[in-house]
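User: Please go through this model with me in questions and answers. I would like short reasoning with each reply.

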Amino acid sequence: MPAMAFAESGGGGKDSPAKLTSQVIVCTIIAAFGGLMFGYDIGISGGVTSMDDFLIKFFPAVYHTKHEAKENNYCKYNNQYLQLFTSSLYLAAIVASFFASISCKKFGRKPTIQAASLFFVTGAMLNTVAKNIEMLIIGRLLLGAGVGFGNQAVPLFISEIAPARYRGGLNICFQFLVTVGILCANVINYGTSRMHPRGWRVSLGGAAVPAIILLIGSLIIVETPTSLIERGKKDEGLRTLKKIRGVDNVEKEFEELLHATELAKQAKNSFRNLMKRSSRPQLVCGTIFQVFQQLTGINVIMFYAPVLFQTMGFGGDASLLSAVVTGLVNVVSTLVAIFTVDKFGRKKLLIEGAVQMLIAQSIMGAILKVHLKSTNVMPNSYALFVVVLVCLFVSSFAWSWGPLGWLIPSEIFPLETRSAGFFFAVSMNMFFTFVVAQSFLTLLCQMKSTIFFFFAAWIFVMGAFGIFILPETKGIHIDEMNERVWKKHWFWKRYFDDGDNDKGDQDIKADQPEKQ
Ligand code: BGC
């Protein structure tokens, strides 16, 4: 297996060889197709719900409101059922990610990824042939199960097979394919919106493609050494580790994995363990990070960009086209994160991202407040300026809170709480995605442009969180986070004070050798 060898510097696993092998690259790319499924789905619903053929078939009342003379700019799409179409997927994903966390631990990351693709293919097919709203919603629920399983297993899978030094960039391949999925969906919607009356079926059916690629690709990926060792398959774990590192001297990393697995075994019930005081730093940071990611307001743009642009007076085609432009900005900007995250670290990207998002979101709110009243058409130059601001907003999200929302929660938990902790993070993401999807059109109708200031206020809070509370995890081995990050952090170290820990924690600590 050809391998590019690099000396490990800084980070954890100092003595273990750090090679970025083609095995790791191929496995990462295949697994990241889980991101493409997720992204495709995010991007497709906004375009489909603005297609007249789709509305006439499933939501005739919305169709009529949309075409009423003198409609209110901010309220044309306000309909709970229409929002349920978008958001039902995320409800299913929350439930599914709970089962996926159990499946990850019991059966491994690889079968969980395979289950994700099966759910997704079935859901996409059902949506394509949907004859009534029930079929449509059941299809969405199956897609949601696919997203829940995929989003739980894929980031963990990538973080576990990646050498510490490249973990950031590799993990962000997941988010990169999320953005590619969103872009593909936008382009497909642009084309299918002209295919009357069944274009929407093509859009929804397209979701099966990434899922089939993932299903076939998953036959050749490895299981992570961590998961193999965790499930008692030590020899296979060692063999796989040698294979993915491309060398035979993997003793140091193997020892770290054995040690982490030993601790994980003592913990027994990872959900109970997660409630201990010493798990609080990772639990709080992992889950709050995902909540913050959604409170940037990114999905207002992702789900409703075509609707939003129509609200501002663009015609149907121009709206979808603008959504394609933002999709492209999203993809290109995510590449920036891939190449900088392991160089500059997580915190610098997060802080820059928050500042840029805050500026873009606030100016956008101000322009809409002044120039978009309930019944006027916004002057074209301002509408175009808003598109530019949306692009600035999307680019900053794409190299900061977007990819790091998946990277950080997947790398901060010790093995004994990893699947359970990541479940909390994923389900928070899904829950808040659901809340935003379900409420945005109603909030837009009621709060009008003020909604953008609401998101801007949250961006301010999360910027402060990034500066003061979040530790830097760049280059640290995934199984050394407690020792090298949390126990040394000015705020979080108090959760590891001997006197404050409960007995279970102390048992585990007693077993832990001192590491520097
Ligand atoms: C978020 C999604 C969002 C997407 C946009 C992901 O990281 O979880 O909610 O739509 O980024 O690129």
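The turns below cover confidence, overall make-up, core, salt bridges and surface of this predicted model.

User: What is the mean pLDDT of the protein chain, and over which residues does pLDDT stay under 50?

Analyst: In this predicted model, 90% of the residues reach a pLDDT of 70 or more. Residues 1–15 stay under 50, with 39 contacts beyond four places in sequence, and residues 499–516 are also below 50, with 34 contacts beyond near neighbours in sequence. Where pLDDT is low, the predicted coordinates should not be read in detail. The mean for the protein chain is 88, and the stretches under 50 include 1–15 and 499–516.

User: How many helices and strands are there in the protein chain, and what percentage of its residues is buried?

Analyst: Among contacts with a separation of 6 or more, 81% join residues 24 or more positions apart. The chain exposes about 18900 Å², of which carbon and sulfur atoms supply 67%. The protein chain has 23 helices and two strands, and of its 516 residues the buried share is 62%.

User: Which helix gives the most residues to the largest nonpolar core?

Analyst: This core has 142 residues, and those that touch the most other members are F38, F54, W401, L404 and M430. Leaving out residues up to four places away in sequence, F38 touches Y90, V147, N151, F174, V178, W406 and M430. A second, separate core has six residues, including I229 and V247. With twelve residues, the helix that gives the most to the largest core is α1 (residues 22–48).

User: Is S87 buried or exposed?

Analyst: S87 is part of helix α4 (residues 80–106). Beyond four places in sequence, S87 touches F434, A437 and Q438. Its relative accessible area is 0%, and the cut-off for burial is under 20%, so S87 is buried.

User: How far apart in sequence are the parts that the D41 and R140 pair ties together?

Analyst: The side chains of D41 and R140 form a salt bridge, 3.0 Å from N to O. Both residues are buried. D41 belongs to helix α1 and R140 to helix α6 (residues 133–161), so the parts tied together are separated in sequence by 99 residues.

User: Which helices hold R418 and E160?

Analyst: R418 and E160 meet through their side chains in a salt bridge of 2.9 Å, N to O. R418 is buried at 1% relative accessible area, and E160 is buried at 5%. The pair ties together parts 258 residues apart in sequence, because R418 lies in α20 (residues 418–447) and E160 in α6.

User: Which residues are joined into one network by salt bridges that share partners, and what separates E262 from K265?

Analyst: The structure holds 14 salt bridges. In the one between E262 and K265, the closest N and O atoms are 4.0 Å apart; E262 is partly exposed at 40% and K265 at 47%. These two are three residues apart in helix α12 (residues 251–267), so about one helical turn separates E262 and K265. The network joined through shared partners consists of R109, E160, E230, R418 and D479.

User: Which elements give two or more residues to the nonpolar patch on the surface?

Analyst: The patch is formed by V355, I359, I363, F385, V388 and L392, with about 490 Å² of accessible area together. One of these, I359, lies in helix α17 and counts as partly exposed at 49% relative accessibility. The elements that give two or more residues are α17 (346–371) and α18 (380–398).

Methods. Residues numbered from 1 in each chain as written. Predicted model: local features only at pLDDT ≥ 70, side-chain atom pairs only at ≥ 80, totals over all residues. Heavy atoms only, no water. Patch = residues over 30% accessible without salt bridge, like charges linked within 9 Å, V, L, I, M, F, W, Y side chains within 5 Å. Areas by Shrake-Rupley, 256 points an atom, 1.4 Å probe, with all protein chains shown as cover. Helix = DSSP H or I, 4+ residues; strand = E, 2+ residues; numbered from the N terminus. Buried < 20%, exposed > 50% of the residue type's maximum accessible area, 1.4 Å probe, protein only. pLDDT = per-residue confidence, 0-100. Contact = heavy atoms within 4.5 Å. Core = buried A, V, L, I, M, F, W, Y, C linked by side-chain atoms within 4.5 Å.
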